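Thanks for making the time this morning. I would like to walk you through one structure, going from a single helix outwards, and I will take the questions as they come up.

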Protein chains: 2
Amino acid sequence: MERTELTRERHRASRDTSSLYRLLDSQIIGHVAIQTDHGPLVLPTAIARVEDQLLMHGSVASGWMRRAKRGEQVSVAVTQVDGVIVARSSFESSIRYQSAVIFGRPEPVDDERKLWALTVLTEKLIPGRTAEIREPSAREIAQTMVLSIPIHEWSLKISNGWPDDGPEDVATSVWAGVVLDQPGTGRILEAPDLAAGVPVPSSVRALAHRSMPLGDAGS
Amino acid sequence: MERTELTRERHRASRDTSSLYRLLDSQIIGHVAIQTDHGPLVLPTAIARVEDQLLMHGSVASGWMRRAKRGEQVSVAVTQVDGVIVARSSFESSIRYQSAVIFGRPEPVDDERKLWALTVLTEKLIPGRTAEIREPSAREIAQTMVLSIPIHEWSLKISNGWPDDGPEDVATSVWAGVVLDQPGTGRILEAPDLAAGVPVPSSVRALAHRSMPLGDAGS
């Protein structure tokens, strides 16, 4: 089996490159996995996409980057949490999310293109910043490693649905819906199959009122 | 070298268990890496901590869980993005974050403790929900796998500082500070060494006004 084939939940698999690129462009970090002598290692790293390349950078002293630039296989996951699917059972309750996994052998960006790649990474983190600051020095460029992975072998999984409760659960008066992970109003969405008049339970009200309930963005 | 030793930036390493637990408890997903025949694979997964154990669950059909429960080595990263460190150079600009990496061999939670473990995971995702819904059925429990990793071998890296610009950069009139990834006011923090009267540049204003600029939590 190809490793980009999902072993399960194939209905959530997408081959849509524009959805993939949108996800990669919306996230500033990914998690990269590499095999070491002691087993697999996973670490967060800043990312930026340019066309069909994923750029990552770090210190030339970074252990995983030194290993990766020797042409070892890595995978990079980029994940966005969109909310919580609150079903009528714990079994069907889950997370609304989008997750891409890219497989490949990173290559170091060569010296001629490194200034360009670093500019792309800075602009990803702080759009518009490059015009406000000095150019990187030769020493700074030399101290930084930039790796590039072709975005050719990838999988994308999008969970954006509703609680999938069976008829016996739907027939109860238990609330079901989605709590979106976004600020402001409209965070609590009722399931399409929810009967009229079922009040929002206290667990869902509490979840929706936490300032940042989910994902990487604070607690 | 022990794999829990950071190869660089050791000043950011922490051995504080309560900081580790606080991070693990604040995040609903981690990224787990496992070695496969095709190279390392990294995937997002829901997590919950109980004492010194990290729980993860999924379908019994999940490829990585079937592999992991055979006693293979994995690592799990749990990351929180707190903001962007906006320095006077691109080289010193970076991310404020906390990241834990746990290494170990997951063990399947046995049948006697599975209902308890699933309850812990549901309560992590939607606190208070268990009291509002029915118990999981025997079939649902049988279809779910729960893995547990001892939180014994781990590293924790906390980047919570300020731009570390050299004296030549500090002497310029370029703005420096931090943009926090939190809603509302007070998101833009001036660097302690910023001279009086330096206006906030447009890149920083734009970053602070994006509704969800960072991390996993939407775009």
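What should the 15 residues of helix 3 of chain A span at 1.5 Å a residue, and how far apart are its end C-alpha atoms? Before I answer, please keep in mind that this is a predicted model. The expected span is 21 Å, and the end C-alpha atoms of helix 3 are 22 Å apart, which agrees.

Staying with helix 3 of chain A, its buried residues are Ala117(A), Leu118(A), Leu121(A), Thr122(A) and Leu125(A). Seen down the helix axis, these buried residues fall within an arc of 140°, so they line one face of the helix. As background, an α-helix has 3.6 residues a turn, so residues three or four places apart point the same way. What covers the buried residues of helix 3 includes, from chain A, strand 3, strand 4, helix 4 and strand 8, and it also includes strand 5 of chain B.

Lys124(A) lies in helix 3 as well, but it is partly exposed, because 18 other C-beta atoms lie within 10 Å, where 20 would be needed to count as buried. Leaving aside neighbours within four places in sequence, Lys124(A) is in contact with Ile28(A) and Ala48(A).

Let me turn to helix 1 of chain A, residues 17–26, whose buried residues are Leu20(A), Leu23(A) and Leu24(A). Viewed down the axis of helix 1, they fall within an arc of 95°, so they too line one face of their helix. The cover over these buried residues includes strand 3, strand 4, strand 5, strand 6 and strand 9 of chain A.

Those three leucines come up again when we look at Ala100(A), which is in contact with Leu20(A), Leu23(A) and Leu24(A), and also with Ala77(A), Val78(A), Trp154(A) and Leu156(A), if we leave aside neighbours within four places in sequence. The largest nonpolar core has 115 residues, and the ones with the most contacts inside it are Ala100(A) and Ala100(B).

For chain A as a whole, there are six helices and 11 strands, and 44% of the 219 residues count as buried. Of the contacts in chain A with a separation of 6 or more, 69% are accounted for by residues 24 or more positions apart.

An example of a contact between positions distant in sequence, this time in chain B, is Pro163(B), which sits in the loop between strand 9 and helix 5. Is Pro163(B) buried or exposed? With 23 C-beta neighbours inside 10 Å, Pro163(B) counts as buried. Its contacts include Ile85(B), Val86(B) and Ala191(B), and the C-alpha atoms of Pro163(B) and Ile85(B) are separated by 6.0 Å although the two residues are 78 apart along the chain.

Finally, how do the two chains meet? 73 residues of chain A are in contact with 73 residues of chain B. The largest share of the side of chain A that touches chain B, nine residues, comes from strand 5 of chain A, and by class that side has 35 nonpolar, 28 polar and 10 charged residues. A rotation of 180° with 0.0 Å of shift along its axis superposes chain A on chain B, with an RMSD of 0.0 Å, and that is the relation of a two-fold axis. The same surface serves both copies, in that 100% of the contact residues of chain A recur in chain B.

How values were computed
Residues numbered from 1 in each chain as written. Chains lettered and ligands numbered in written order. Predicted model: local features only at pLDDT ≥ 70, side-chain atom pairs only at ≥ 80, totals over all residues. Contact = placed C-beta atoms within 7 Å. Helix = DSSP H or I, 4+ residues; strand = E, 2+ residues; numbered from the N terminus. Nonpolar A, V, L, I, M, F, W, Y, C, P; charged D, E, K, R; others polar. Core = buried A, V, L, I, M, F, W, Y, C linked by C-beta atoms within 7 Å. Buried ≥ 20, exposed ≤ 12 C-beta atoms within 10 Å, placed from the backbone. Expected span 1.5 Å × (residues − 1). Arc of directions from axis to C-beta. Least-squares fit on C-alpha atoms with pLDDT ≥ 70 in both.
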